[in-house]
Amino acid sequence: MPTTDDDLVARLRGATRSERDVVFGEIFRTHRGRVFGVCRYLCGPGALAEDALQETFLETYKGLAGFRGDSQLGTWIYRIAVRTALRLRSRQGTLAETPIEDAGTTVHPHDRLAARERMRQVQAAIDRLPAEQRAVLALFAVDGFGHAEIAGILGIPEGTVWSRLHKARNALEATLAQGARSTPGT
Amino acid sequence: MTQTFDPFDPDAWTDAPGCEAFEQALTMRARSALAPHAVPVLEAHLAACEACRDHAARMAGLDATLATHRGDELAAPGWQRVHDQLHAGIQRYQRRTPWTIALAGAVGVGALAVLGSGPMRVAGLLATFAVYLAIMGFAYWVEQRRQHRLLDDHDVIATYRGELARRLRIARTARWLWPLVAVGEAPRGIGALIETIDGNGDAHGRLATSTLVIALALVAFVMTLVTGRSARRELAGLK
């Protein structure tokens with residue numbers, strides 16, 4: 001049976017440092033995939049997302065000694081992730097050009113180039129959104145988050161979650177449509 | 001996923017004039033979060049409203065694009081490498097406290113060698129050491145406070161934005177303080193330098209102290225500029 005956050009929090013209470021380290025290892029294994037998903041969406045593909053992932057878990061480790069379970073463990077970790085990813089992304093300035101992983105498929109170089117260009121356009125469009133909308137979009141893009149959970153992570157009402165998602169999608173669609181009109185053939 | 005949120009409840013949205021509520025309902029339907037009783041209301045509106053049908057088609061296109069984007073997004077990194085780097089980062093963090101105290105001790109011994117060993121100088125040195133530890137303690141407290149604030153139920157991004165704005169305000173105010181400290185200390189340092197050149201051995205300690213104060217003020221000035229610049233950049237990145 002998979003370990004739940006409640007189990008992990010219960011084991012953290014009164015734990016020694018070595019016991020805490022063991023629990024931290026389980027926290028890392030449980031949440032790393034979704035934290036990375038959030039970081040990649042907010043930072044774009046590349047090394048920055050991995051930096052954000054590592055910094056998120058380092059911050060989690062630092063705060064674990066003071067974590068009393070008043071808040072949900074997962075909620076807290078994803079709050080750290082959103083904040084860390086936004087911070088690193090805003091410090092970096094312009095988007096870094098990163099290679100797209102070649103999955104070993106026999107895709108025609110022209111198609112691969114077009115896919116790469118399209119992906120760059122999408123990432124640039126996401127990047128132009130206000131942080132509030134980017135965060136909602138990122139959390140919705142990662143599997144398993146419901147709107148109530150996203151509201152809890154961001155500390156906003158559920159109605160605001162839907163409203164921000166709606167605005168983000170509208171803005172994204174408008175930007176991408178404008179990009180497609182200005183570069184026909186891509 | 002729970003289906004308790006009603007998009008057609010006038011109190012549910014902060015701003016939803018005209019077709020906006022139906023467009024937002026489309027977003028919810030795409031995520032299987034539209035309340036069952038709201039589905040026929042949406043369908044009836046779509047049948048009658050061409051603008052909303054256009055919107056639905058455009059959003060379907062966007063979802064297709066985002067799905068492609070997301071597929072690449074979720075390509076996982078090498079977890080063992082990430083784990084090893086994280087482990088190294090944690091070890092560096094754990095070593096930080098002893099190293100910080102050792103560094104403070106080394107600076108103290110070095111300062112003692114420069115300033116001499118008179119009772120007042122030793123007292124001054126201990127006071128400097130105490131101030132250093134107080135600054136380190138304050139930095140630790142700020143870090144812990146920031147962590148604990150993330151446990152509270154508040155708007156994470158608005159709070160972050162507020163923190164950055166406050167940091168920028170403090171940096172803008174404080175950047176004038178450090179040059180004033182340096183300029184204020186300069187006459188004493190110059191006086192001590194002249195006395196030292198004239199052969200007054202007692203002025204040696206005063207010269208060292210003034211040099212230290214001016215150097216620290218300049219370092220603080222640069223750090224304040226860097227902090228302000230970083231806060232401004234982060235604020236701009238949040239938009």
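Here are a few questions and answers about this predicted model of chains A and B.

Reader: How many residues of chain A are in contact with chain B?
Author: Let's count each side of the meeting place, taking two residues as in contact if their C-beta atoms lie within 7 Å. Chain B brings 49 residues to it. On the other side, the count for chain A is 56 residues.

Reader: Which helix gives the most to the side of chain A that touches chain B?
Author: Several helices each supply at least two residues there, including α2 (17-43), α3 (47-64) and α4 (73-92) of chain A. Farther along chain A, α7 (147-154) and α8 (158-182) do so too. The one that gives the most, with 11 residues, is α8(A).

Reader: And how many residues on that side of chain A are nonpolar?
Author: Split the residues that touch chain B by kind, and you get 14 polar and 16 charged. The remaining group, the nonpolar one, has 26.

Reader: Which residues of helix α1 of chain B are buried?
Author: Buried here takes 20 or more other C-beta atoms within 10 Å. In α1 (residues 20-30) of chain B, B:Ala21, B:Phe22 and B:Gln24 are among those that pass. The rest of the buried set is B:Ala25, B:Leu26, B:Thr27 and B:Met28.

Reader: Where in chain B is helix confidence highest?
Author: Chain B averages a pLDDT of 79, but that hides some spread. Over residues 1-5 of chain B, pLDDT stays under 50, and it does so over residues 13-17 as well. Confidence is lowest in helix α5 (residues 119-149), at a mean of 72, while the highest, at 90, is in helix α6 (residues 156-174) of chain B.

Definitions and conventions:
Residues are numbered from 1 along each chain as its sequence is written. Chains are lettered from A and ligands numbered from 1 in the order in which they are written. This is a predicted model: local features need pLDDT of at least 70, side-chain atom pairs count only at pLDDT 80 or more; totals for chains, interfaces and linings use all residues. Helices (H or I, at least four residues) and strands (E, at least two) are DSSP runs, numbered from the N terminus. Ala, Val, Leu, Ile, Met, Phe, Trp, Tyr, Cys and Pro count as nonpolar, Asp, Glu, Lys and Arg as charged, and the others, Gly among them, as polar. A residue is buried if 20 or more other C-beta atoms lie within 10 Å of its own, exposed if 12 or fewer, and partly exposed in between; C-beta atoms are placed from the backbone. pLDDT is the predictor's confidence in each residue, from 0 to 100.
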